[in-house]
Amino acid sequence: MLLSPRYGSGSLADVVPSVLSYLGVQTETDRLDLNLDGVRRVCVLMIDGLGADQLAAHPDDAPFMTAQASSPITAGFPSTTATSLSSLGTGLPPGEHGIVGYLVSLPNHKRLMNSLQWKLQGSSNAEELPLDLTPERFQPLPTAFEHARDAGIRMVHIGPSMQNGSGLTRASLRGAAFRNSISSADLAAETIHALSDAGPALTYSYYGDLDLVGHVRGPNAPAWRLQLQHVDALVEKIASRLPADGALVVVADHGMVEIEQRIDYDTTPELRAGLRQLGGEPRMRYLYTRQGATADVHDTWLQLLEGRFTVVTRDDAIERGWFGPRVTEDAYGRIGDLLAVANDCSALIRSQAESNASKLIGHHGSLTSAELLVPAIVVRPRR
């Protein structure tokens, strides 16, 4: 069953605004009932790939987080890293910040844009970006981090060096001073150090290894469970060193599904008929159709996919609220004419064009509970 994001009352886009309401930003309110009265220093710890369903399924591997866990929140749509981090950093649903997927088609560009790597598909990282892809122009709205900084809150972003000044950071996470972390222990040490200075302060820390293991080994693998134990130890270590007026908020950008059925777009000519580009990722595909072909493509995909995917038009997806209550003109132009969203454990792969991704065991992007529901764990120091 497909779920819907809970924008405005229980989604990733609501986390930072809710935290800021306790740090003195008068324009913000607590949308999540975080109950952070008296808090002046907060760390929002992002665990890439930790779905609420997966956490609940392995309590013995994560006893500390399990003991603190409360009702999960939702990621946005698609349930993918670039979109989710953008919602967290901007405090906005995808329809407003416009980072609406992993691979998206853009007006005036023949190649798809990779929103995570912030480049046109097939280009090198060193290639100069076209003016319209400059991060600050592509996503021009002030971020929640910038709002916090301008309100006098000390903002720190801790993560791997590749995030420092990256396109995605500049687009959606700008406004914080960056500190590099080189390991999980280093991430804990840097986070604890960032929380040692007097508030008001907000630290955003990012941990990515669980997602990597989930993709390569699968979210049911022994390696994933062992990695989850490392995550639990990381969270407990940071929690144990919180200042008296501090708090730790643990969230994730998406969960993950272990793939059981692969449908290959590259070897199925019927799926390619009427399409000019295929975007998104294996669990949520954007179909950019040729002029006049949308209805035929819709019918063909419904027949060929046999219920494994829900296939809807762009306007239908927007009407369902998947991108939030408002969709800007720019965001609208980046969403596919049709969307194919996985219902079960299937994936729409591209064995030739996306050979590495097609071999991965774990994927995400759809609206199943395993992908959309993420934890929102709040830890206060013991009194």
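How many bridges join strand 3 and strand 4, and in which sense do the two strands pair? The first view has the answer, and like every view here it comes from a predicted model.

**View 1. Strands 3, 4 and 5 make an open sheet.** The order here is simply 3-4-5, and the pairing is antiparallel. To settle the opening question: strand 3 and strand 4 (residues 113–114) are paired over two bridges, in the antiparallel sense. Look for Val-104, whose bridge partner in strand 4 is Met-113. Strand 3 (103–104) and strand 5 (119–120) sit at the edges with a single partner strand each, so each has one side without a neighbour in the sheet.

**View 2. Six strands line up in an open sheet with mixed pairing.** Reading across, the order goes 7-6-8-1-9-19. The edge places belong to strand 7 and strand 19 (376–379); each has just a single partner strand, so one side of each is left without a neighbour in the sheet. From one strand to the next, the twist averages 20°.

**View 3. Strand 9 meets strand 19 in the antiparallel sense.** Four bridges hold the pairing between strand 9 (residues 246–251) and strand 19. Val-249 has Val-378 of strand 19 standing opposite. Leu-248 is in contact with Val-378 too, along with Ile-377 and Val-379. Once neighbours within four places in sequence are set aside, the other contacts of Leu-248 are Cys-43, Leu-45, Val-235, Ile-238, Ala-239 and Leu-242.

**View 4. Helix 9 has its buried residues on the same side.** Which residues of helix 9 (residues 184–194) are buried? They are Leu-187, Ala-188, Thr-191, Ile-192 and Ala-194. These residues cover an arc of only 160° around the axis, which is why they end up on the same side of helix 9. As for what they pack against, the partners are strand 1 (41–47), strand 6 (154–159), strand 7 (177–180), strand 8 (201–207) and helix 11 (222–240).

**View 5. The largest nonpolar core takes in 93 residues.** The residues with the most contacts inside this core are Met-65, Leu-202, Leu-248, Phe-323 and Leu-339. Helix 11 supplies the largest share, seven residues. There's also a second, separate core of 16 residues, with Tyr-265, Leu-278, Ala-293 and Val-297 among them.

**View 6. Pro-94 is tucked into helix 5 (residues 94–97).** Is Pro-94 buried or exposed? With 0% relative accessibility, Pro-94 counts as buried. Leaving out residues up to four places away in sequence, Pro-94 touches Tyr-7, Phe-77, Thr-83, Ser-87, Ile-99, Val-100, Phe-323 and Ala-331. Don't expect to find Pro-243 in this close-up: its C-alpha atom is 34 Å from that of Pro-94, and the two prolines are 149 residues apart along the chain.

**View 7. Asp-337 sits in a loop and reaches a backbone nitrogen.** The loop in question runs between helix 15 (329–334) and strand 15 (338–342). Asp-337 has 19% relative accessibility and therefore counts as buried, since the cut-off is under 20%. Its side chain reaches the backbone nitrogen of Thr-289 at 2.9 Å. Besides Thr-289, Asp-337 touches Arg-276, Leu-287, Tyr-288, Thr-294, Val-312, Thr-313 and Arg-314, again not counting residues up to four places away in sequence.

Terms used. Residues numbered from 1 in each chain as written. Predicted model: local features only at pLDDT ≥ 70, side-chain atom pairs only at ≥ 80, totals over all residues. Heavy atoms only, no water. Buried < 20%, exposed > 50% of the residue type's maximum accessible area, 1.4 Å probe, protein only. Arc of directions from axis to C-beta. Contact = heavy atoms within 4.5 Å. Core = buried A, V, L, I, M, F, W, Y, C linked by side-chain atoms within 4.5 Å. Pairing = 2+ DSSP bridges. Axes fitted to C-alpha atoms, helices over the stretch in contact; angles between N-to-C directions. Polar contact = N/O pair within 3.5 Å; in protein donor to acceptor, adjacent residues only side chain to side chain.
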